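Work through the exercises below with the model open beside you. Try each task before reading its solution.

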Amino acid sequence: MKECPHCHKDLPDDSTFCIYCGRPIEKVKMKDLEKAEKNIEKEMRKSQSSLKVNPKANNWGKIGIILFLFALIVLDCIVGTIVNSIDGPTKIVFIISFVFYVLAMICGVMSLVTDYKDKKKGFEQNGSYGFAIVSIAMSIYIALLNLTSVILK
């Protein structure tokens, strides 16, 4: 074990910089620093993909999230509550929201398919992968919940 000459903490033997205070343990030559910087730059270039910039936008995932939130908040919560309070046909509201959930699932799948096709053509992906997955997963969950607890009742 080495000891840092600045903060006097124990360090591994192969340390060139202190992991606690960040100061160099031994004098580092400028050549070594430049060589390390070049190696880092090479690694960064390798890690960057060689895909071309995609000129078209992929908004399917965002549309899916909007449809999901509209069905959940507006139709299920607000309209469903109002229709239920006046003893109206709540089943119709939940059937309409079920259709919106299915549309949200379709939009999420379209986002993933569009990104896959763009990648095959050599373009970078423009879609929101997270939005697509959330719109698919949450729409499936809430749609099945509506189907089993309200529509098929």
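The exercises go from the overall layout to single residues, and the model they use is a predicted one.

**Exercise 1. Layout**

Describe the helices and strands of the protein and the order in which they come.

Solution.
- Step 1: Count the elements. There are four helices and two strands.
- Step 2: Follow the chain from the N terminus. The order is β-β-α-α-α-α.
- Step 3: Look at burial. Of the 153 residues in the protein, 27% are buried.
- Step 4: Look at the contacts with a separation of 6 or more. Residues 24 or more positions apart account for 59% of them.

**Exercise 2. The largest nonpolar core**

Find the residues of the largest nonpolar core and state which helices supply at least two of them.

Solution.
- Step 1: List the members. The core has 10 residues: Leu-67, Phe-68, Ala-71, Leu-75, Tyr-101, Ala-104, Met-105, Cys-107, Ile-142 and Ala-143.
- Step 2: Assign them to helices. Helix H2 (60–85), helix H3 (90–121) and H4 each give at least two residues to this core.
- Step 3: Set this beside a general tendency. In soluble globular proteins, nonpolar side chains tend to be buried together.
- Step 4: Take one member, Leu-75, and list its contacts beyond four places in sequence. These are Phe-70, Gly-80, Val-93, Ile-96, Ser-97 and Phe-100.

**Exercise 3. Aromatic pairs**

How many aromatic pairs are found in the whole structure? Classify each by its geometry and compare the burial of the partners.

Solution.
- Step 1: A search of the whole structure gives two aromatic pairs.
- Step 2: Take Phe-68 and Tyr-101. Their ring centres are 5.8 Å apart and their planes meet at 50°, so this pair is tilted. Angles under 30 degrees would count as stacked and angles over 60 as edge-to-face.
- Step 3: Locate this pair. Phe-68 is in helix H2 and Tyr-101 in helix H3, 33 residues apart, and the pair links distant parts of the chain.
- Step 4: Check burial, for which the limit is under 20%. Phe-68 has a relative accessible area of 6% and is therefore buried. Tyr-101, at 0%, is buried too.
- Step 5: Take Phe-70 and Phe-100. This pair is also tilted, with 5.1 Å from centre to centre and 50° between the planes. Phe-70 belongs to helix H2 and Phe-100 to helix H3, so the pair ties together parts 30 residues apart in sequence.
- Step 6: Check burial again. Phe-70 is partly exposed at 34%, and Phe-100 is partly exposed at 23%.

**Exercise 4. Asn-146**

Is Asn-146 buried or exposed, and what does its side chain join?

Solution.
- Step 1: Place the residue. Asn-146 is in helix H4 (residues 129–151).
- Step 2: Read its accessibility. The relative accessible area is 6%, so Asn-146 is buried.
- Step 3: Find the polar contact. The side chains of Asn-146 and Ser-97 are joined by a polar contact of 3.1 Å.
- Step 4: List what Asn-146 touches more than four places away in sequence. These residues are Asp-76, Phe-94, Ser-97, Tyr-101 and Ile-151.

**Exercise 5. Cysteines**

Why is Cys-18 in no disulfide?

Solution.
- Step 1: Search the whole structure. The number of disulfides is zero.
- Step 2: Compare the distance with the cut-off. The nearest cysteine sulfur to that of Cys-18 belongs to Cys-7 and is 3.6 Å away, whereas a disulfide needs sulfur atoms within 2.5 Å.
- Step 3: Add burial. Cys-18 is buried at 4%, and Cys-77 is partly exposed at 43%.

Key:
Residues are numbered from 1 along each chain as its sequence is written. This is a predicted model: local features need pLDDT of at least 70, side-chain atom pairs count only at pLDDT 80 or more; totals for chains, interfaces and linings use all residues. Side-chain values use heavy atoms; hydrogens and water are left out. Buried means under 20% relative accessible area, exposed over 50%, partly exposed in between (1.4 Å probe, protein chains only). A polar contact is a pair of N or O atoms within 3.5 Å; within protein, one must be able to donate a hydrogen and the other to accept it, and residues adjacent in sequence count only if both atoms are side-chain atoms. Contact means heavy atoms within 4.5 Å. A nonpolar core is a set of buried Ala, Val, Leu, Ile, Met, Phe, Trp, Tyr and Cys residues joined through side-chain atoms within 4.5 Å. Rings of Phe, Tyr and Trp (its six-membered ring) pair if their centres lie within 6.5 Å; planes under 30 degrees apart count as stacked, over 60 as edge-to-face and the rest as tilted.
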